[in-house]
Amino acid sequence: MDSNHGWPEPIIRVQSLSESGTETIPTRYIKPPSDRPSIEASSYTLSIPVIDLSAMSKEEMASAVSAACREWGFFQVVNHGVRPELVRHGQEIWRGFFHLPIEEKQRYANSPTTYEGYGSRLGVEKGASLDWGDYYFLHVLPSCLKNHEKWPALPPDLRDITDEYSRELLNLCGRVMEAMSFGLGLDPTRLQESFGGTEVGACLRVNYYPKCPQPELTLGLSSHSDPGGMTVLLVDNHVRGLQVRKGSDWVTVEPIRDAFILNVGDQIQSLFPFCQVLSNAIYKSVEHRVMVNAANERLSMAFFYNPKADLPLSPIRELITPDRPALYKPMSFNEYRLYIRQRGPRGKSQVESLKTSQ
């Protein structure tokens, strides 16, 4: 049996490194100077939009969501309809999992074939730079991929809470998809139809970023854009970490208690024709990265809402014009996901490499 579970090298849990008391991080985690977080970047004063979903009509919500997707590709939602008690319980119970003994967590060690389970690296390139974080990845939809036996059995109510949490986020994603579509002048169901209607995919990755003795040298998650359709992120409300690229700057997101951070993924970007002149009139996936902290651990829960896995995606035909041609060649999410999994996080280079020549 492969003791590495299919990974090119033995897996070292970042939490174990953190708890060892080391004062320096291994060389594999040190980023090139140009990729390291800086004081200037973390103090940049712009902020992503915040949208209060309780105070808006459908038209107002569509306008606000569409503007945020065009300008930033990221926004926070408050008063979103998901019970605060459920949100907080979800965070607490997953933090409890990462605080279990390593032997219990190792029962769910993942492989690069599906990434499902307990993991500590993305990408399979031998000798690649590593990120300062562990994670747990699981499938929610389609039902044929969802397997509770691959979800942690401890803490005892983790599976039930994660199920309820996922159902609530699926509902929220449906509302936001309608707003995105309506904001482009399309039928509210058009984006959902492009994703495969009711046959969408969904998965959850819970990220655990342990304390780091040299946070200025590394990242919890390297710069990347999300490969799926849309991401709904729940972060610790007392520890900053997420940074979003805005032009040539990095903007640190200020967390809001019980809020969700939403962002456009590569699959939604691929649905829109694009040319430089009209770049402000489409939704684009945006680079982001995660800083780590010397004083505090940090946990985040990323819920990925994705197209039907084997459905070839191409730009929405109603939006293609002679001045706005299709930019991306058709590719299914399964094909794109495999491409990403082999390479790991690499800024926007992944999706940009798939452009058709014009």
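A salt bridge is counted here where a side-chain nitrogen of Lys or Arg lies within 4 Å of a carboxyl oxygen of Asp or Glu. The exercises below use this rule on a predicted model, in which 15 salt bridges are found.

## Exercise 1: Salt bridges and what they join

Task: For the pairs Arg 83 with Glu 164, Asp 236 with Arg 95, and Glu 104 with Arg 107, work out how far apart the charged atoms are and whether the residues are buried or exposed.

Solution.

Step 1. Begin with the general idea, which is that side chains of opposite charge can pair when their charged atoms come close.

Step 2. The closest N and O atoms of Arg 83 and Glu 164 are 2.6 Å apart, and the two residues form a salt bridge. The pair links distant parts of the chain, since Arg 83 belongs to the loop between β2 (74–78) and α4 while Glu 164 belongs to helix α6 (residues 158–182), 81 residues apart. Arg 83 is partly exposed at a relative accessible area of 40%, and Glu 164 is partly exposed as well, at 24%.

Step 3. Asp 236 and Arg 95 meet through their side chains in a salt bridge with an N to O distance of 2.5 Å. Because Asp 236 lies in the loop between β7 (230–235) and β8, and Arg 95 in helix α4, this pair ties together parts that are 141 residues apart in sequence. Asp 236 and Arg 95 are both buried.

Step 4. For Glu 104 and Arg 107, the N to O distance in the salt bridge is 2.9 Å. Glu 104 has a relative accessibility of 16% and therefore counts as buried, whereas Arg 107 is exposed, its relative accessible area being 56%.

Step 5. Salt bridges can also be connected to one another, as in the network that links Glu 9, Arg 28 and Arg 121.

## Exercise 2: A residue in helix α4

Task: Find where Gln 91 is placed, decide whether it is buried or exposed, and list what it touches.

Solution.

Step 1. Gln 91 is part of helix α4, which spans residues 84–98.

Step 2. Its relative accessibility is 12%, and the cut-off for a buried residue is under 20%, so Gln 91 counts as buried.

Step 3. Leaving out residues up to four places away in sequence, Gln 91 touches Leu 234, Val 235, Asp 236, Leu 299 and Met 301. Asp 236 in this list is also the salt-bridge partner of Arg 95.

## Exercise 3: Aromatic rings

Task: Classify the ring pairs that Phe 97 makes with Phe 98 and with Tyr 118, and then place them in their cluster.

Solution.

Step 1. A pair of aromatic rings is described by the distance of the centres and the angle of the planes. The count of aromatic pairs comes to twelve.

Step 2. In the pair of Phe 97 and Phe 98, the ring centres are 5.2 Å apart and the planes stand at 80°, so the pair is edge-to-face. Phe 97 is buried at 0% relative accessibility, and Phe 98 is likewise buried at 0%.

Step 3. The rings of Phe 97 and Tyr 118 have centres 6.0 Å apart and planes at 85°, so this pair, too, is edge-to-face. Since Phe 97 lies in helix α4 and Tyr 118 in strand β3 (residues 117–119), the pair ties together parts that are 21 residues apart in sequence.

Step 4. Phe 97, Phe 98 and Tyr 118 belong to a cluster linked by ring pairs, together with Trp 94, Tyr 108, Tyr 136 and Tyr 208.

Step 5. Tyr 118 has a charged neighbour as well, for the charged end of Arg 13 sits over its ring, 4.1 Å from the centre.

## Exercise 4: Strand β8 in its sheet

Task: Describe the sheet that contains β8, and follow the pairing of this strand on each side.

Solution.

Step 1. The sheet is open and has four strands in the order β6-β11-β8-β9, with antiparallel pairing. β6 (221–224) and β9 (249–252) stand at the edges with a single partner strand each, so one side of each has no neighbour in the sheet. Neighbouring strands are turned by 25° against each other on average, direction ignored.

Step 2. β8 (residues 242–246) pairs with β9 over four bridges, and Val 244 has Val 251 as its bridge partner there. These two strands form a hairpin with two residues between them, and Gly 247 in the turn has a positive phi of about 65°.

Step 3. Towards β11 (residues 288–290), β8 is joined by three bridges, with Leu 242 opposite Val 290.

Step 4. Four of the five residues of β8 are buried, so the strand is largely enclosed by the rest of the structure.

Conventions
Residues numbered from 1 in each chain as written. Predicted model: local features only at pLDDT ≥ 70, side-chain atom pairs only at ≥ 80, totals over all residues. Heavy atoms only, no water. Buried < 20%, exposed > 50% of the residue type's maximum accessible area, 1.4 Å probe, protein only. Contact = heavy atoms within 4.5 Å. Pairing = 2+ DSSP bridges. Axes fitted to C-alpha atoms, helices over the stretch in contact; angles between N-to-C directions. Phe/Tyr/Trp six-rings, centres within 6.5 Å; stacked < 30°, edge-to-face > 60°. Lys NZ or Arg CZ within 6 Å of the ring centre and 35° of its normal.
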